[in-house]
Amino acid sequence: MKNTPRINHFASAKDASDAAARYILETIKTALKEKKRLSVVLPGGSAPKKLNASIISLSGDMDTSRIDWFFGDERAVDPKSPDSNYRMQMETLLEPLNIQPEHIHRIPGELGASRAAGEYNLLLADYFSGPPAFDLILLGLGPDGHTASLFPGSEALSTEDVPVVGTGTAPLKPHVERVTLTFPAINTAGNVIFFTGRTGKETIIEHLCSAADDSPGKKIYPFESVKPEFGPAIWFVYRNNS
Ligand code: 6PG
């Protein structure tokens, strides 16, 4: 099927990080041959710290000046908070790559979820002169099958009319309001890549691997609604966190 996810399994997080980083950097390098600027969406959580270390060590001569960096979701916290996805990405990727501030477009979570979502919708509408069409979106996977901040049972799962929404208090830590891209904003991206460990997510990963068809009604987890229009999502899954 066109949209069957392509899943790459690795024993170690390091091997998965290096493989994912190489794939991401190659995707960026290829896209930069066709476009003056790229839009890349960064994930939150903790797994990206491993991935970012590999991206930095393998980035070589990547022309970062032609990339604009966005966020797939954010917690409704101050950007200096230890819970901020922006802070995590600044510390582990964007500062080490010396990305200029004007190319970093953070979600202003400190405004509260609803206002932050409104502001980000305006920012994206201005950047894309219409609905977003990101070149590359990096995503994680939660232990309940969420991705970005699209949690099971959330109204955001069925939002079709805006690219960004604010949600209520998240069911998983940190228990704060969230701001998240919606599935239409994810599924119109040119490339979608998941990077995740298996620990605590074994049943979900098994379901991912076994759910070979797109038949409606078979979706159990939010991540299953990631069905990119331009091709399959690419997964990098590691067994051991070390
Ligand atoms: C967040 C993330 C979230 C994350 C998953 C996995 O804000 O928490 O965007 O979707 O990717 O929860 O988190 P780990 O990488 O920590 O397993």
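Let's begin with Ala148, which sits in the loop between β5 and β6. The structure shown here is a predicted model, and Ala148 is a friendly place to enter it. This residue has a positive phi of about 50 degrees although it is not a glycine. Most residues other than glycine have a negative phi. Ala148 is also buried, because its relative accessible area is 11% and buried means under 20%.

A second residue invites a look alongside it. Ser129 lies in the loop between α4 (113–128) and β5 (136–139), and its phi, near 50 degrees, is likewise positive in a residue other than glycine. Is Ser129 buried or exposed? Ser129 is exposed, because its relative accessible area is 70% and the cut-off for exposed is over 50%.

Another backbone feature is found in the loop between β6 (164–169) and β7 (177–181), where Pro174 has its place. The peptide bond joining Lys173 and Pro174 is cis, with omega at about -10 degrees. Most peptide bonds are trans.

**Around the ligand**

Ala148 comes up again here. The ligand has 16 residues around it, and those that come nearest are Ser46, Ala47, Asp73, His146 and Ala148. Polar contacts with oxygen atoms of the ligand are listed below for some of them.

| Residue | Part of the residue | Distance to a ligand oxygen atom |
|---|---|---|
| Ser46 | side-chain N or O atom | 2.5 Å |
| Ala47 | polar backbone atom | 2.8 Å |
| Ala148 | backbone N or O atom | 2.6 Å |

**Pockets**

Ser46 and Ala47 also appear in the lining of the largest pocket, where they are among the residues nearest its centre, together with Gly44, Gly45 and Arg75. The lining has 40 residues, and the volume of this pocket is about 730 Å³. Which elements each supply at least two residues of that lining? They are α2 (47–58), β4 (73–75), α3 (85–94), β5 and β8. Sorted by class, the lining of the largest pocket has 16 nonpolar, 14 polar and ten charged residues.

The second largest pocket holds about 230 Å³ of space. Helix α1 gives the most to its lining, with seven residues. Among the lining residues are Arg22, Glu26, Lys29, Leu58 and Asp63. By class, this lining divides into five nonpolar, one polar and six charged residues.

**Cavities**

The structure also holds two cavities of 30 Å³ or more. In the second largest cavity there is about 40 Å³ of space, and its lining is made up of Ile24, Ile28, Val40, Leu42, Ile55, Trp69, Leu93 and Leu138. Two or more of these residues come from each of α1 (13–34) and β2 (38–42). The class count for this lining is eight nonpolar, no polar and no charged residues. Ile28 lines this cavity and is also part of the lining of the second largest pocket.

**Strand β9 and its partners**

Finally, have a look at strand β9, residues 234–240, which is mostly covered: five of its seven residues are buried. Strand β1 (residues 6–12) pairs with β9 in the parallel sense over six bridges. One bridge partnership here is between Phe10 and Tyr238 of β9. Strand β8 (residues 192–197) runs parallel to β9 too, and five bridges join them. In this pairing, Phe194 stands opposite Trp235 of β9. In a regular strand the side chains alternate between the two faces of the sheet.

Note on methods:
Residues are numbered from 1 along each chain as its sequence is written. This is a predicted model: local features need pLDDT of at least 70, side-chain atom pairs count only at pLDDT 80 or more; totals for chains, interfaces and linings use all residues. Side-chain values use heavy atoms; hydrogens and water are left out. On a 1 Å grid over the protein atoms alone, a cavity is a set of points where a 1.4 Å probe fits but cannot get out, and a pocket is an open set with protein on both sides within 12 Å along at least five of seven lines; lining residues have an atom within 4 Å of a point. Grid points are joined across faces, edges and corners, and a volume is the space filled by probe spheres set on the points. Helices (H or I, at least four residues) and strands (E, at least two) are DSSP runs, numbered from the N terminus. Ala, Val, Leu, Ile, Met, Phe, Trp, Tyr, Cys and Pro count as nonpolar, Asp, Glu, Lys and Arg as charged, and the others, Gly among them, as polar. Buried means under 20% relative accessible area, exposed over 50%, partly exposed in between (1.4 Å probe, protein chains only). Two strands pair if DSSP finds at least two bridges between them. A residue is near a molecule or strand if one of its heavy atoms lies within 4 Å of it. A polar contact is a pair of N or O atoms within 3.5 Å; within protein, one must be able to donate a hydrogen and the other to accept it, and residues adjacent in sequence count only if both atoms are side-chain atoms.
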